[in-house]
Amino acid sequence: MARGAATRDHRAGRGGDSAGYPAGVTEHDQLSRELVATWDAGAATYDRLPRHGIRHDDERRAWRRLVAAILGDPAHAAVPRLRVLDVGTGTGVLALLAAELGHDVTAVDLSPGMLGQARRRALDTGLAVTWLEGDAAAPPVEPDSFDAVVCRHLVWTLADPAGAIAAWRGPLRPGGLIAVIDGWYARQPPPVRWAARAAGRLVKRNGPDGDSHEHPYRPDQLARLPLARQSGTAAIANAMVAAGLTHVRVRPLVEIERIERAHQSFAERLADPWRRYLATGRSPREG
Ligand SMILES: C[S@@+](CC[C@H](N)C(=O)[O-])C[C@H]1O[C@@H](n2cnc3c(N)ncnc32)[C@H](O)[C@@H]1O
């Protein structure tokens, strides 16, 4: 299913549009490289971050149930084993859960550091996944070779999420599934916002494991990411429709929220307005 050699620079050559970047590197590519460098630098500690890594058994069971609900559990008779592509796999959270269920998984990321962690976890658990270094917005795989494309915590960090989602129709068979897990920010009235900020400062002060819920990106980078600061789920639904998907549906991930929040302190809960969603859609059967 992998197409050719996947390298960090495989998008170069599309014709650069910005002075100051190496030949063939677009401004969009350059932003993507900068952002991925952030993940690369934090790869070794990513799995320790609350609400990013899966740190507790009950959380793990809930994520496994969710992945089984999305893809099916081939342990049950008549549930097929799917060919699954996990884009922006990071340390392989979704990829490894899908492989554990028995699916045939390929996973793509641009960060060698994150992929290194994913490979290590696969070795530790004895699970087989094909890991590819490449761009999630143009996955280096064969057309029409997957039943499902999944991603978690990726779309908020893309400069053109609708373009990337449209590109995932290429590797998918007609009628195949696209499942996006990500988050949005609950609107808070000013007094709650002030309390949340104070709680955030407290959480930050209280040690390296505290999740400050801050983006790791600079404001000028965030400003170029259409899904980074959403206060609802309309934008992801619109992006999926704009990408030409059918049967688009967005729902909150209530069970995972509840379990994660049970592991947070009062201050962490107060400081954290982030809510999870699952958005699904189908590649059209024709065209
Ligand atoms: C917040 S992490 C999420 C990782 C993982 N999916 C998870 O659920 O924990 C974002 C990941 O997306 C990757 N990423 C961001 N932009 C990318 C791109 N254009 N192509 C491939 N990977 C990308 C980063 O390297 C990072 O591993």
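Let's start with how helix 2 and helix 3 pack in this predicted model. The axes of helix 2 (residues 57-71) and helix 3 come within 10 Å of each other, and they cross at roughly 70°. Crossings of 65 to 115 degrees count as roughly perpendicular, so helix 2 sits roughly perpendicular to helix 3. Those two values are worth having together, because a pair of packed helices is described by the angle and the distance between the axes.

Which residues make the contact? On the helix 2 side, look for Trp 63, Arg 64, Val 67, Ala 68 and Leu 71; helix 3 brings Leu 94, Leu 97, Ala 98 and Leu 101. Sorted by class, this contact has eight nonpolar residues, one charged residue and no polar ones.

Helix 3 (93-101) also turns up around the ligand: like helix 1 (27-41), it supplies at least two residues of the shell there. Helix 1 gives the largest share of that shell, with four residues. In total, 22 residues surround the ligand, and the closest are Gly 88, Gly 90, Ser 111, Ala 136 and Arg 152. What's the mix by class? The shell has ten nonpolar, nine polar and three charged residues.

Now zoom out to the whole protein. You'll find ten helices and seven strands in it. Of its 287 residues, 34% are buried. As for contacts along the chain, take those with a separation of 6 or more: 73% of them are between residues 24 or more positions apart.

Methods:
Residues numbered from 1 in each chain as written. Predicted model: local features only at pLDDT ≥ 70, side-chain atom pairs only at ≥ 80, totals over all residues. Near = placed C-beta within 6 Å. Nonpolar A, V, L, I, M, F, W, Y, C, P; charged D, E, K, R; others polar. Axes fitted to C-alpha atoms, helices over the stretch in contact; angles between N-to-C directions. Parallel < 35°, antiparallel > 145°, perpendicular 65-115°, else oblique. Contact = placed C-beta atoms within 7 Å. Buried ≥ 20, exposed ≤ 12 C-beta atoms within 10 Å, placed from the backbone.
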